[in-house]
Amino acid sequence: MSLSLQVQVQVQVIGASPVLRRRRHEMEMETQRCSSMAHLKQLHSRAIRLGLSSDNDAMGRLIKFCAVSEHGDLSYALQLFDQMPQPDAFIYNTIMRGLCRKSHFPMDCLLFYLRMLRRSVSPNRFTFPSVIGACCLANAVEEGRQVHAHVLKFGFGEDGFCQNSLIHMYVGCGALDDARKVFDGMPAPDVVSWTTLIAGYSRCGSVDEAFRLFESMPEGERSSVSWNAMIASYVQSNRFHEAFALFQRMRDEKVELDKYLAASMLSACTGLGALNQGKWIHRYIDESGIELDSKLATTIIDMYCKCGCLEKAYQVFKELPRKDKGISSWNCMIGGLAMHGKGKAAIELFEEMHGQRVAPDNITFVNLLSACAHSGLVEEGRHYFRRMTEAHGIEPRKEHYGCMVDLLGRAGMFEEAKEIVGNMPISPDAGVLGALLGACKIHRNVDLGEEIGESVIELEPNNSGRYVVLANLYANAGRWEDVAKVRKLMNDRGVKKAPGFSIIEFDGVVSEFIAGGRTHPESKELYAKVDEILERIRGFGYVPDVDGVLHDLEEEEKENPLYYHSEKLAIAFGLLKTKPGETIRISKNLRVCKDCHNASKLVSKVFEREIIVRDRNRFHHFRMGECSCQDYW
DNA sequence: CTAGGGTTAG
């Protein structure tokens, strides 16, 4: 009897009274529905009236709203915290989570952790993910290691969340070996552990190691997140074919697409110029009800722009509600018009953006100026370059100078281009000088080209393109001994020219051609078709550009005759496979060479085909014997 | 009815 009495007494002393319980419950219900700071402040005063201003339960909920919810105010959370006489671990954890997520100084979170320890509040398993996350954000691997020691010391070394956070932190700090050690020490890593490490290997460029890990995941363990981590890894390293293969496998395993996977695959389509595959993903998004947020819409717009379908890009852009037209979707559309040589339209869109009071950023101007450069709009380019600083307060960066030098140089205005370079507050980089060198090549300005050629090469000694332009400049001037010198320098340094290739998509299959390559199953027919094409366009005045053959270091492997440049193989393939009147779309990794450009124009006339070629710089729309670039590229 | 709260991919 006395025993049961004692128990009753104890409950009364340390348990909450019914009144207190009721009040706490009331606060809990109210806080759940809280949606704004104004509302929260009412709840705060209510808590004070109810005598709960020092109550960890009630105040903890209020602090949680301020610290971590979307509409919360972190500084208010800190004020509330300071008024708490004995904040418990929950409140410390909540504040630390807020500091980690919202503060610009993630190390504040670590300082808070130390404060917690000094006040003898024991950390629990919820404490460490935030603290470790803060170390990750601050790139503080040494502090991270110390926190790791605390995790073990306080006995949470077996907690999955803590371990995953540690893996994430080591990955984020680039300490892959340490991440791997934590992972290897887990008896049963979960899907997050696997995915985090896969993404980690991918981020530091070890795509193949990421794939090995992906393959060794236990059956049924892969989530759509894991698939996406691996697919995105291929996409980011430009290994688009492998991305497609993995995507196919994923579809075979009946994994549904989500918006992340859709975005990754759209980028893969963009990389290859695979318009039809891209259209398929776009349709899938529409039909499956995947939420079309601003980012995903921009990814779709980018895909259409870079797959040569400006109309569809503009359609998606136009249909995007005004509130979802973020700066990047405007930039993307302006950049798309620029690539396609629609300088005037790019300017109009920029003015429309201005009219809608969307503030341009530096990328907007890179795209706008490059639109002017690709269309030869010198006057407009000068105008917007000035307005960028004067009206929009944006200081020109290297890229902007590069666009201006490109614009003026192409137009042959070397004095003004040199003046731009001279006025740069920073020393010109390879991009800016490279633009000038390119202009020298077009206008056969050997003197200036010679003057800057060497510095362009030395700024980027591993970029084969720089050697090639200079060699071509000399070749055009007939200075063969200088050509040989540049080639020798390139050889001595072991710099390899990127082999040129052209890609064409047909019937859901992406085919890749390299100059003179014979690996394609139908290469016999293909080469016969090329010969037929050349024969027919000769009748319309085609003369091979011998100027380019003799010293053709320019676009494709020099040992291959220009008749079989990859672009011509791709055109032949397109003519063989597609129906009369259908547009042929080709993507290539290098610039279009002069001879292929001529040939493509004639093919478009003789075979009555529109040919759209994406090169590494821009688009060429060949139609009725003309090119959209007006031979200005 | 002393709970409430943590990690990953574009």
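This section describes the surface near DNA strand B, a mixed sheet with a helix packed against it, and several single residues in a predicted model.

The protein surrounds DNA strand B with 29 residues, and the closest of these are Asp57, Asn93, Asp159, Phe161 and Tyr260. By residue class, the surface near the strand divides into 10 nonpolar, 9 polar and 10 charged residues. Seen from the side of the nucleic acid, 31% of the atoms of DNA strand B within 4 Å of the protein belong to sugar or phosphate, and the rest belong to bases. Helices supply much of the detail here: α2 (18-33), α4 (56-68), α6 (89-102), α10 (160-172), α12 (191-203), α14 (224-236) and α16 (259-272) each give at least two residues to this surface. The largest share, 5 residues, comes from α10.

Polar contacts of side chains with DNA strand B involve phosphate, sugar or linking, and base atoms. In the side chain of Asp159, an N or O atom is placed 2.4 Å from a base nitrogen of the strand. Lys64 has a polar side-chain atom 2.8 Å from a phosphate oxygen. For Arg21, the separation between an N or O atom of the side chain and a sugar or linking oxygen of DNA strand B is 3.0 Å.

Helix α6, one of the helices that supply residues to the surface near DNA strand B, also contains Cys100. Cys100 counts as buried because its relative accessibility is 12%, below the 20% limit. Beyond its neighbours within four places in sequence, Cys100 is in contact with Cys109, Ser130, Gly133, Ala134 and Leu137. Of these contacts, Ser130, Gly133, Ala134 and Leu137 fall within the range of α8 (127-137). Cys100 and Arg33 are separated by 67 residues in sequence and, between C-alpha atoms, by 24 Å in space.

Two loop residues have an unusual backbone setting. Most residues other than glycine have a negative phi. Ser120, in contrast, has a positive phi near 60 degrees. Ser120 is placed in the loop between α7 (107-118) and α8 (127-137), and with a relative accessibility of 64% it counts as exposed. Arg357 likewise is not a glycine and has a positive phi, of about 60 degrees. The loop that holds Arg357 runs between α21 (343-355) and α22 (362-375). At 77% relative accessibility, Arg357 also counts as exposed.

An open sheet is formed by 6 strands in the order β2-β1-β3-β4-β5-β6, with mixed pairing. Each of β2 and β6 (626-627) has a single partner strand and stands at an edge, so one side of each has no neighbour in the sheet. Strands of a sheet pair through backbone hydrogen bonds, in either a parallel or an antiparallel sense. Both senses occur here: β1 and β2 run antiparallel and are joined by 6 bridges, whereas β3 and β4 are parallel, with 4 bridges between them. In the antiparallel pair, Ile503 has Glu512 of β2 as its bridge partner. In the parallel pair, Ile584 stands opposite Ile611 of β4. Side chains of β4 alternate in direction: Ile611 and Val613 point one way, and Ile612 and Arg614 point the other way. These four residues are all buried.

Helix α32 (residues 566-577) has 12 residues and spans 16 Å from its first C-alpha to its last, close to the 16 Å expected at 1.5 Å a residue. The helix is mostly covered, with 10 of its 12 residues buried. The buried residues are Ser566, Glu567, Lys568, Leu569, Ala570, Ile571, Ala572, Phe573, Gly574 and Leu575. They pack against four strands of the sheet, namely β1 (501-506), β2 (509-514), β3 (584-588) and β4 (611-614), and against the helices α30 (523-538) and α33 (594-606).

Helix α33, which takes part in this packing, holds His597. With 1% relative accessibility, His597 counts as buried. Apart from residues up to four places away in sequence, His597 touches Val592, His620, Phe622, Cys627, Cys629, Asp631 and Trp633. Among them, Cys627 falls within the range of the edge strand β6 (626-627).

Note on methods:
Residues are numbered from 1 along each chain as its sequence is written. Chains are lettered from A and ligands numbered from 1 in the order in which they are written. This is a predicted model: local features need pLDDT of at least 70, side-chain atom pairs count only at pLDDT 80 or more; totals for chains, interfaces and linings use all residues. Side-chain values use heavy atoms; hydrogens and water are left out. The expected span of a helix is 1.5 Å times one less than its number of residues. Buried means under 20% relative accessible area, exposed over 50%, partly exposed in between (1.4 Å probe, protein chains only). Contact means heavy atoms within 4.5 Å. A residue is near a molecule or strand if one of its heavy atoms lies within 4 Å of it. A polar contact is a pair of N or O atoms within 3.5 Å; within protein, one must be able to donate a hydrogen and the other to accept it, and residues adjacent in sequence count only if both atoms are side-chain atoms. Ala, Val, Leu, Ile, Met, Phe, Trp, Tyr, Cys and Pro count as nonpolar, Asp, Glu, Lys and Arg as charged, and the others, Gly among them, as polar. Two strands pair if DSSP finds at least two bridges between them.
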